[in-house]
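Thank you all for coming. I would like to take a few minutes to walk through one structure with you, going slowly enough that everybody can follow along on the screen.

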Amino acid sequence: MAIPLNYQISEFDCCPVSLLNALNLQFDRKLIQPCIIKAIYTYTLDCCDSRSRPGQKGTSAAALRFIGEWMNEYGQSCGFPIHCESLAPEEIAFGTGGALDKALANGAVAVMRCWLCVGHYVLVTGTADGLVDIWDPYHVEKPIRKPCIRMVSDEPYRCNRRVAYSQMNAAGKGYYNLGDPEARECLLIYNTAASKASVYPNN
């Protein structure tokens, strides 16, 4: 059963919501067990602010990698058809024919850190014609008006933005830039029962 993708409900929960949206897209609701949801919220929102308040600085790169490893272990032990893979920073770019492009072509979705005034996680659901389909969990009241960013309002099961490769690949801190090439973050999530590839790109 297809379920519309969700928005975050605070200023900080973009990462767990993007992870849950990834599971929503990749798996039927009947397959997703409560322990996966619990683990996502247990291990994300781990960054503290200057007053040591947990979650007030969102989720760390280490936590994103860890939840990917946790889901791999869970899948292997319980027969759940999931495979997660953290890409190296230098592999995170669109339109290069590299690991990220191959993974998306082979059925993966990607939870990825970009910029939206601050560091921010979104879900990448695919690419086509030089554009990246993303679901940004941060709901905005006013549309972003830039030629390289298309607001999408009629695809609640896939994306709410289409962003040009050049905008995503940029090393700055503009809307949806991936930022510093040495500090990029991306977790690929596959449904191994439905993947188009028999061998994952980096294996």
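Before I describe how two helices pack, I should say that an axis here is a line fitted to C-alpha atoms, taken for a helix over the stretch in contact, and that the angle between two axes runs from 0 to 180 degrees between their N-to-C directions. Please also keep in mind that what you see is a predicted model.

With that in hand, let us look at helices H2 and H3, which pack at an angle of about 160°, with their axes 10 Å apart. Because angles over 145 degrees count as roughly antiparallel, H2 is roughly antiparallel to H3. The crossing in which H2 passes H3 is right-handed. On the side of H2 the contact is made by Cys35, Ile36, Ala39, Ile40 and Tyr43, and on the side of H3 by Ala63, Phe66, Ile67, Trp70, Met71 and Tyr74. Sorted by class, this contact has 11 nonpolar residues, with no polar and no charged ones. If you wonder about the spacing of such positions, an α-helix has 3.6 residues a turn, so residues three or four places apart point the same way.

Now to the other partner, H1, whose axis comes within 12 Å of the axis of H3 and crosses it at roughly 30°. Since angles under 35 degrees count as roughly parallel, H1 and H3 are therefore roughly parallel to each other. H1, too, passes H3 in a right-handed crossing. Here the contact is formed by Cys15, Leu19 and Leu23 of H1 together with Leu64, Ile67 and Met71 of H3, and by class it has 6 nonpolar residues, no polar and no charged ones.

Which residues of H3 are buried? They are Ala63, Leu64, Ile67, Gly68, Met71, Asn72, Tyr74 and Gly75. What covers them includes the helices H1 and H2, and also the strands S1, S2, S3 and S7. As for its length, H3 runs over residues 61–78, and at 1.5 Å a residue its 18 residues should span 26 Å, which agrees with end C-alpha atoms that are 26 Å apart. Just after H3 comes Gly79, which takes a positive phi of about 75°.

H1 can be checked in a similar way, for its 13 residues should span 18 Å at 1.5 Å a residue, and its end C-alpha atoms are indeed 18 Å apart. This helix is mostly covered, with 11 of its 13 residues buried, among them Pro16, Val17, Ser18 and Asn21.

Let me turn to backbone angles, where it helps to recall that most residues other than glycine have a negative phi. Leu45, which is not a glycine, nevertheless has a positive phi of about 55°; Leu45 lies in the loop between H2 and H3 and, at 24% relative accessibility, counts as partly exposed. Cys117 also has a positive phi, near 70°, and sits in the loop between S2 and S3, where, at 64% relative accessibility, Cys117 counts as exposed.

I will finish with Gly126, which has its place in strand S3. Is Gly126 buried or exposed? With a relative accessible area of 8%, Gly126 is buried. Leaving aside residues up to four places away in sequence, Gly126 touches Leu131, Val132, Asp133 and Arg158.

Notes. Residues are numbered from 1 along each chain as its sequence is written. This is a predicted model: local features need pLDDT of at least 70, side-chain atom pairs count only at pLDDT 80 or more; totals for chains, interfaces and linings use all residues. Side-chain values use heavy atoms; hydrogens and water are left out. Helices (H or I, at least four residues) and strands (E, at least two) are DSSP runs, numbered from the N terminus. The expected span of a helix is 1.5 Å times one less than its number of residues. Buried means under 20% relative accessible area, exposed over 50%, partly exposed in between (1.4 Å probe, protein chains only). Contact means heavy atoms within 4.5 Å. Angles under 35 degrees count as roughly parallel, over 145 as roughly antiparallel, 65 to 115 as roughly perpendicular and the rest as oblique. A crossing is left-handed if the near helix is turned anticlockwise from the far one by less than a right angle, and right-handed if clockwise. Ala, Val, Leu, Ile, Met, Phe, Trp, Tyr, Cys and Pro count as nonpolar, Asp, Glu, Lys and Arg as charged, and the others, Gly among them, as polar.
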